[in-house]
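Biologist: I have a structure open that is new to me, and I would like to learn how its features are read. Could you take me through them one at a time?

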Amino acid sequence: MSTFHAVVWMDHNEAHVLMFDREHAEAQRVKSRSHHKHQGKVGDLPAFFSDVAAALSGTHEILLAGPGLARNEFRDWCTAHRKDTANAIVDSVATDHPTDAQLVALARQYFKKFDATSTAPTLV
């Protein structure tokens with residue numbers, strides 16, 4: 001699904017990638033390849049981040065969300081390794097563990113003011 005917006009909730013174990021437009025939403029889960037129960041090892045993160053970036057291919061604006069540092073580490077990794085994805089990331093917000101529907105609602109509200117004016121958050 002090639003969409004304009006995406007929201008990604010992530011921690012070190014998994015990412016919920018939700019791509020959406022005004023009428024549709026599509027969810028995908030990306031799991032870390034780590035076998036560790038609580039947190040991926042540093043060596044596991046590049047492969048995990050690469051899988052998340054691949055899931056976001058074709059998305060123009062991305063909102064990152066999550067409870068810890070993984071979302072910011074992902075943004076930094078993208079800056080170093082995936083410029084196209086890094087350029088699409090518009091913000092990173094702290095969230096607990098919302099449902100996918102709550103996440104899409106949060107992102108729709110975030111992007112709503114930009115949709116109304118056809119202005120990209122990255123240009124403001």
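Modeller: Let us start with the aromatic rings: in this predicted model, ring pairs link Phe48, Phe49, Phe74 and Trp77 into a cluster. Rings of Phe, Tyr and Trp (its six-membered ring) pair if their centres lie within 6.5 Å, and planes under 30 degrees apart count as stacked, over 60 as edge-to-face and the rest as tilted.

Biologist: How many aromatic pairs does that rule give, and how is one of them described?

Modeller: A pair of aromatic rings is described by the distance of the centres and the angle of the planes. The rule gives five aromatic pairs. One of them is formed by Phe49 and Phe74, which are edge-to-face, at 5.5 Å centre to centre and with 65° between the planes. This pair links distant parts of the chain, since Phe49 belongs to helix 1 (residues 45-55) and Phe74 to helix 2, 25 residues apart. Phe49 and Trp77 form a tilted pair, at 6.1 Å centre to centre and with 55° between the planes, and again distant parts of the chain are linked, with Phe49 in helix 1 and Trp77 in helix 2, 28 residues apart. Helices (H or I, at least four residues) and strands (E, at least two) are DSSP runs, numbered from the N terminus.

Biologist: Are Phe49 and Phe74 buried or exposed?

Modeller: Buried means under 20% relative accessible area, exposed over 50%, and partly exposed in between, with a 1.4 Å probe and protein chains only. Both Phe49 and Phe74 are buried, and Trp77 is buried as well.

Biologist: Which residues of helix 2 are buried, and what do they pack against?

Modeller: An α-helix has 3.6 residues a turn, so residues three or four places apart point the same way. In helix 2, the buried residues are Ala70, Arg71, Asn72, Phe74, Trp77 and Cys78. They pack against strand 1 (5-10), helix 1, strand 4 (61-66), helix 3 (83-88) and strand 5 (89-94), where contact means heavy atoms within 4.5 Å.

Biologist: How should I check the length of helix 2?

Modeller: The expected span of a helix is 1.5 Å times one less than its number of residues. The 12 residues of helix 2 should therefore span 16 Å, and the end C-alpha atoms of helix 2 are 16 Å apart, which agrees.

Biologist: In what order do the strands form the sheet?

Modeller: Two strands pair if DSSP finds at least two bridges between them. Here five strands form an open sheet in the order 3-2-1-4-5, with mixed pairing. Strand 3 (25-31) and strand 5 are the edge strands, each pairing on one side only. Strand 1 and strand 2 are antiparallel, with six bridges, and a hairpin of three residues joins them; within this pairing, Ala6 stands opposite Met19. Strand 2 and strand 3 also run antiparallel, joined by seven bridges, and the hairpin between them has four residues. Strand 4 and strand 5, by contrast, run parallel and are joined by five bridges, Gly66 having Ala94 in strand 5 as its bridge partner.

Biologist: Which way do the side chains of strand 2 point?

Modeller: In a regular strand the side chains alternate between the two faces of the sheet. In strand 2, Glu14, His16, Leu18 and Phe20 point one way, Ala15, Val17 and Met19 point the other way, and all are buried. Seven of the seven residues of strand 2 (residues 14-20) are buried, so strand 2 is largely enclosed by the rest of the structure.

Biologist: Where does Trp9 lie, and what does Trp9 touch?

Modeller: Trp9 lies in strand 1 and is buried, with a relative accessible area of 5%. Leaving aside residues up to four places away in sequence, Trp9 touches several residues, among them Glu14, Ala65, Pro98 and Leu103.

Biologist: How is the confidence of the model read?

Modeller: The predictor's confidence in each residue is its pLDDT, from 0 to 100. The chain averages a pLDDT of 86, and 80% of the residues score at least 70. Among the elements, helix 4 (residues 100-117) has the lowest mean pLDDT, 83, and helix 2 (residues 70-81) the highest, 97. As this is a predicted model, local features need pLDDT of at least 70 and side-chain atom pairs count only at pLDDT 80 or more, while totals for chains, interfaces and linings use all residues. Residues are numbered from 1 along each chain as its sequence is written, and side-chain values use heavy atoms, with hydrogens and water left out.
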